Amino acid sequence: MQKNCTNLKEWITDLITSFVFLSEENSLKLALTEKFWDEPLVGFSRGSDPLYSFLKEDIGDFYWHPSDVFSAQYPLLDFSPEQLSIISWVLPQTEETKKAQRKEKLYPSQRWARSRLFGERFNDEIRKFVVGKMNSENYPCISPILSPLWETAISAKYGYASKWSERHTAFICGLGTFGLSDGLITRLGKAVRFGSVIVKADIEPDPRQYRLQNEYCLHRLNGKCGKCIKRCPAGAINEKGHDKEKCKKYIRQITAVYAEEKFNIRVNSCGLCQTGVPCESKIPVPVK
């Protein structure tokens, strides 16, 4: 028997939270008790939310509306966008990882690099776990990021992009707004990673407690922050925003090489702009 809307929402939230807490794979492998991620946040939206259509129009026709990728996975299933729900989660870095990252000026800390590589693999396990659980309860479910059809693309308007963005999905699900560096500022800050799945189920969407895409960014509020500008060793952030090409070049040519030589892992990681800033671990409050 399928659950009612409220019970299903609570069940899914508990499901994800428990998996993050209890899975042995949520481990930096540096010490038995150290985890990649602290307690997650979970948010929900409907496939009929007009922002999904807006993203497709704004980013490019290649970008997936939830119904695009869902129908590709379930071509024989009848559904409307209103019948689809999107589940999004925020995985916050631990305090020890953030502490280590704050000390760095040019390269990611070992903890951060490991969480970027192995922590994202664990994020994939969360995606698989949620999809499996939902399907076992007769709620057809998919992970866009794990779809064999997912790929990166070039947006005529924004440059580097992909068919599905976990950050934009989290924004629509009420979990946070964008900062100057393009990171999403959640109530647990922006030292986080994101995941999501799409499911055919009736789940009440979460209201967005903001109106603007960059509402939580101090620089937007008063123009007096810009701490992430100083934290970026690539010069990829300025008062106008984030230069994706400079960012990508620095990561591929500098920090990825450093991580392989220093930590013996191949990973495209930097993340310096996510720590040592007012929005690292919370929604910052402007100082009057």
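This is a walk through a predicted model, taking in its sheet, its aromatic pairs and its enclosed space.

Let us begin with the sheet. Four strands make up an open sheet, and reading across it gives the order β1-β2-β8-β3, with antiparallel pairing. At the edges stand β1 (41–46) and β3, and each has a single partner strand, so one side of each is left without a neighbour in the sheet.

Strand β8 is a good place to pause. It spans residues 192–200, and 7 of its 9 residues are buried, so the strand is largely enclosed by the rest of the structure. On one hand, β8 is joined to strand β2 (residues 84–92) by 9 bridges, the two running antiparallel. On the other, 2 bridges connect β8 to strand β3 (residues 141–142), again in an antiparallel arrangement. If you would like a residue to look for, try Val199 in β8: it is the bridge partner of Ser85, and Val199 is also the bridge partner of Cys141.

Now for the aromatic rings. A pair of rings is described by the distance of the centres and the angle of the planes. The model has 12 aromatic pairs, counting rings whose centres lie within 6.5 Å. One of them brings together Phe19 and Phe122, which are stacked with 5.6 Å from centre to centre and 0° between the planes. Phe19 sits in helix α1 (residues 5–22) and Phe122 in helix α5 (residues 110–136), so this pair ties together parts of the chain that are 103 residues apart in sequence. How exposed or buried are these two rings' residues? Phe19 has a relative accessible area of 18%, and since buried means under 20%, Phe19 counts as buried. Phe122 is buried too, with a value of 1%.

Phe19 has another stacked partner in Phe129, with the ring centres 4.3 Å apart and 15° between the planes. This pair also links distant parts of the chain, for Phe19 belongs to helix α1 and Phe129 to helix α5, 110 residues away. Phe129 is partly exposed, because its relative accessible area is 23%. Elsewhere in the sequence, Phe171, Phe178, Tyr210 and Tyr216 come together as one aromatic cluster.

Finally, let us look for enclosed space. How many cavities of 30 Å³ or more does the structure hold? There is 1 such cavity, and the largest cavity contains about 110 Å³ of space. Its lining is made by 16 residues, and those nearest its centre are Lys190, Cys217, Cys225, Cys228 and Cys279. The elements that contribute two or more residues to this lining are α7 (218–222) and α8 (227–231). By residue type, the lining of the largest cavity divides into 11 nonpolar, 3 polar and 2 charged.

To retrace the route in the viewer, you might start at Val199 in β8, the bridge partner of Ser85, move on to Phe19 and its stacked partner Phe122, and end at Cys217, one of the residues nearest the centre of the largest cavity.

Note on methods:
Residues are numbered from 1 along each chain as its sequence is written. This is a predicted model: local features need pLDDT of at least 70, side-chain atom pairs count only at pLDDT 80 or more; totals for chains, interfaces and linings use all residues. Side-chain values use heavy atoms; hydrogens and water are left out. Rings of Phe, Tyr and Trp (its six-membered ring) pair if their centres lie within 6.5 Å; planes under 30 degrees apart count as stacked, over 60 as edge-to-face and the rest as tilted. Buried means under 20% relative accessible area, exposed over 50%, partly exposed in between (1.4 Å probe, protein chains only). Two strands pair if DSSP finds at least two bridges between them. On a 1 Å grid over the protein atoms alone, a cavity is a set of points where a 1.4 Å probe fits but cannot get out, and a pocket is an open set with protein on both sides within 12 Å along at least five of seven lines; lining residues have an atom within 4 Å of a point. Grid points are joined across faces, edges and corners, and a volume is the space filled by probe spheres set on the points. Ala, Val, Leu, Ile, Met, Phe, Trp, Tyr, Cys and Pro count as nonpolar, Asp, Glu, Lys and Arg as charged, and the others, Gly among them, as polar.
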